[in-house]
Amino acid sequence: MQQAVKEGRLATDEAARERFEDGHQQLPAERRRAVHRAIDAKTAGWVTCRPNAEDHTDLTLDEFRDNMAIRYAYEPPKMPTHCDGCGAVYSLDHALNCGVGGLVIRWHNEVVDVLCDLFAKAWGESAVRKEVVIVEPEEGEKGVRTDMVVRGVWERQKDVSFDLCVTNADAPSYRKQSTASILKNKAKAKKAHHRRMCEDKFIHFTPLCVTVHGVWGREANGFFSRLVEKLRTKAAWAEKSYGQSVL
Ligand SMILES: [Zn+2]
């Protein structure tokens, strides 16, 4: 009996795999890339996350639909015809790249808010500072700001600077690069800009690079292991379900 159940399950899995392969081959290239990215990077955490207003995981119907569309490279329905920032004809690509319309910066700031909330739960509110000036601007020099500074992450009484980069891996200029390589280059650019300035002030620096699809870079994933470990030690966290999905 058990053998029959096992064989039946394997046959069902195999049939599902064949249906997936058939459908997948018929997709246009950009959608195939999106499907592979979603599978490889396991970005489905937010899809199965229990909706909870306190943790801001209670998406509206439109938010859920739009995020699903972005996940699989579809144009969301109900899009405005023109960008309210620059007036250009609107598209998903434009929405994710236009620096004038405000969506890009809003997305960035919302992720920073969620991260600060998690950092405060892990290391305490007094250990977390947002929008910190590392180097004051001087005549002819722009200075360096960072999104978050957290104290005591790796070493006691030592600060770590975190600067976030949210990027659209489907932007036309990135279409020939893998998602991993895009994130690696973004992290490299962040390090080139921040690391020396931070080290001069005895501050660690960790770039947090993520795509709009929720794929995080290597440094961010390394740090999240530390964050999850820290959160697990907090008794108050034991009854929470929030930590399952950051994006
Ligand atoms: Zn625009």
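What follows is a short conversation about a predicted model.

Guide: Residues are numbered from 1 along each chain as its sequence is written. Because the model is predicted, local features need pLDDT of at least 70 and side-chain atom pairs count only at pLDDT 80 or more, while totals for chains, interfaces and linings use all residues.

Visitor: What makes Val111 of helix H6 a buried residue?

Guide: A residue is buried if 20 or more other C-beta atoms, placed from the backbone, lie within 10 Å of its own, exposed if 12 or fewer, and partly exposed in between. Val111 is listed as buried, as are Leu115, Phe119 and Ala122, so Val111 has 20 or more such neighbours. On the other side of H6, Ile105, Arg106 and Asp113 are exposed.

Visitor: Why are the buried residues of H6 said to line one face of the helix?

Guide: The arc is that of the directions from the helix axis to the C-beta atoms. For the buried residues of H6 these fall within an arc of 80 degrees, so they line one face.

Visitor: How do you know what span is expected for H6, residues 103-123?

Guide: The expected span is 1.5 Å times one less than the number of residues. H6 has 21 residues and reaches 30 Å from its first C-alpha to its last, close to the 30 Å expected.

Visitor: Why do strands E1 and E4 stand at the edges?

Guide: Two strands pair if DSSP finds at least two bridges between them. The open sheet has the order E1-E2-E3-E4. E1 (128-135) and E4 (204-211) each have a single partner strand, so one side of each is left without a neighbour in the sheet.

Visitor: What makes E2 and E3 a pair?

Guide: They pair in the antiparallel sense over four bridges, and the definition asks for at least two.

Notes: Helix = DSSP H or I, 4+ residues; strand = E, 2+ residues; numbered from the N terminus.
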